Amino acid sequence: PDRAPVAMDESADEVIFVWGCGEDGQLGLPSAPVTSHACTPDWCVPTPTALVLPDGERVGDRRVGRSIESSENEIEIENNTTLWKPIVAGSRNSAAVSKSGALYTWGWNSHDTLGLDTDEEYISLPRKVVWGDEISGTETMGSKKENKATDASSNKEKETKQIVTDSFSLGGWHAVAVTDSNRAFAWGGNEYGQAGVDSSARDERHAGIHVSEHVSVPSAVAFPRVADLSGRTQKTTQDLSVKVVQCACGGMNSFAVLENGSVYQWGALVGSEQEPARVPRLVRGVRSVAAVAAGMFHVIALTNENKVFAWGKGDYGQLGLGRPGNWDAPMEVIGLSGCASGLGDATSGVKVGRGGGATKDDNDDDAKNYRVTFVAAGGWHSCALTESGTCVMWGRGEYGRLGMGDDQTDKQTPTAVDFSFSASDPCSDGNASGTRFRRITDAALGGSHTVFVDTEGTAWTVGRNNHGRLGRVVHGKWTGNPGQVLFPPHSSSKTWRCKTAAAGGRHTIAIAVATTE
């Protein structure tokens, strides 16, 4: 059936669209038949549908700049500025950061994953996270139930306090946020220490219950003191000199990139049989890191030298190291320099086949053709994008989530996705031979599906097809052939240009801008 045009404020710069499974309220739509303590199994929305944040808030890209060391001096390099997505799709929940820096969460709230300090298990509409007093040192705002007698004026001050969120991530049932003051806060499940919070901050209502040990509201992550970063002595109070620039959550663990390019992890240690780290622990073997991406049980790190490292579980090839197996320390994904060598560039000498890698011509010295600028991690698969727009995938191939056509085999090494098409298709730039290549600028990896966004603002999806997560019509249970997601017609005869996307367990979120182009 035809869809009605979206009624939109013409002054809005970007609009959030959602689709896929909404049984836990993760789509944030008023039409969801989800109550505070009851989900609606299998309820879904098969095509992109506009989502409106409360309080007149709007969403938009936020760029987080980093100072990095060079051989000459310390400078900020624009090309290495990390683009952090203001939308997050978790396994069964979602979040968005507004242009003002306010954080909104919705969906499944087990273990207080959403940081809203409520007994409601399902939050069907976006709600604003209320922060405690970050400045005074009393970082943990107590439970509302425990603060009924608090002075009304004090409560009002806390509720109106605006903390700007610069980075945010959802894990299995916990969350981590980084503020514009470069401090990390966490909440939700903490049974493995994945919230990285002092034990005194844990919710006393659930004391003694191992699986429900959690933190109800945003609480400061207890980074060790600078003098103790070796790990020999672990403090439980946050060192304010530690400046965090980005965070990522895995299934039962968390990761943070510091301003100096070091990486810390806490919670269940990926790829390791050691006891969980209940406070942040330095990851050795990788430095000068620009960004990290966490899958369910593995991690991908991108350095300022455009190198990619991986560690954790690698049973499906999600580490990209050429063989299955687990690694508890970062290993360089060396196959990228050969396979991501300029797909889509007329002079690159690249050859691509379904399920096969691309090969770099020995005479090609154009560095941008294989310089990795973005990494992403899904449940059991991984992705890297190059400066030239090449998309490279590896890991679990089931359901076609790697975009390799009919090939569902696991890829133990990075393999280029074939985005070539006929010159008769009016999209992107091509070469003289008549074959054109879509250049990919963004990718989002979910549990068993993937979203790609190209330079034309077109969103493409592959993977498992149930619950409408692909946002398009697909005949069969899955597809490995990238297909276009069609956004609804605009009320002013404009067209939608997709800017970025986020993929969750069984749902998808995207930001699109209306344009006359």
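These are my notebook entries on two sheets that I looked up in a predicted model.

**Entry 1: background.** Before starting, I reminded myself that the strands of a sheet pair through backbone hydrogen bonds, and that this pairing is either parallel or antiparallel.

**Entry 2: the sheet with β1 and β34.** I looked up the strand order here and found an open sheet of 4 strands, running β2-β1-β34-β33, with antiparallel pairing. I then asked myself which strands stand at the edges. They are β2, covering 44-51, and β33, covering 495-503, and each has a single partner strand, so one side of each is left without a neighbour in the sheet. From one strand to the next, I noted a twist that averages 25°.

Next I turned to β1 (residues 15-21) and β34 (residues 507-515), which pair in the antiparallel sense over 6 bridges. To place one residue within this pairing, I looked up Phe-17 and found that its bridge partner in β34 is Ala-510.

**Entry 3: the sheet with β15 to β18.** I found that this open sheet also has 4 strands, in the order β15-β16-β17-β18, and that the pairing is antiparallel. Its edge strands are β15, at 244-249, and β18, at 277-282, each of which pairs on one side only. The twist from one strand to the next averages 20° in this sheet.

For a detail, I followed β15 to its neighbour β16 (residues 253-258), and I noted that the two pair in the antiparallel sense over 5 bridges. Which residue in β16 is the bridge partner of Ala-248? I looked it up and wrote down Phe-255.

Notes
Residues numbered from 1 in each chain as written. Predicted model: local features only at pLDDT ≥ 70, side-chain atom pairs only at ≥ 80, totals over all residues. Heavy atoms only, no water. Pairing = 2+ DSSP bridges. Axes fitted to C-alpha atoms, helices over the stretch in contact; angles between N-to-C directions.
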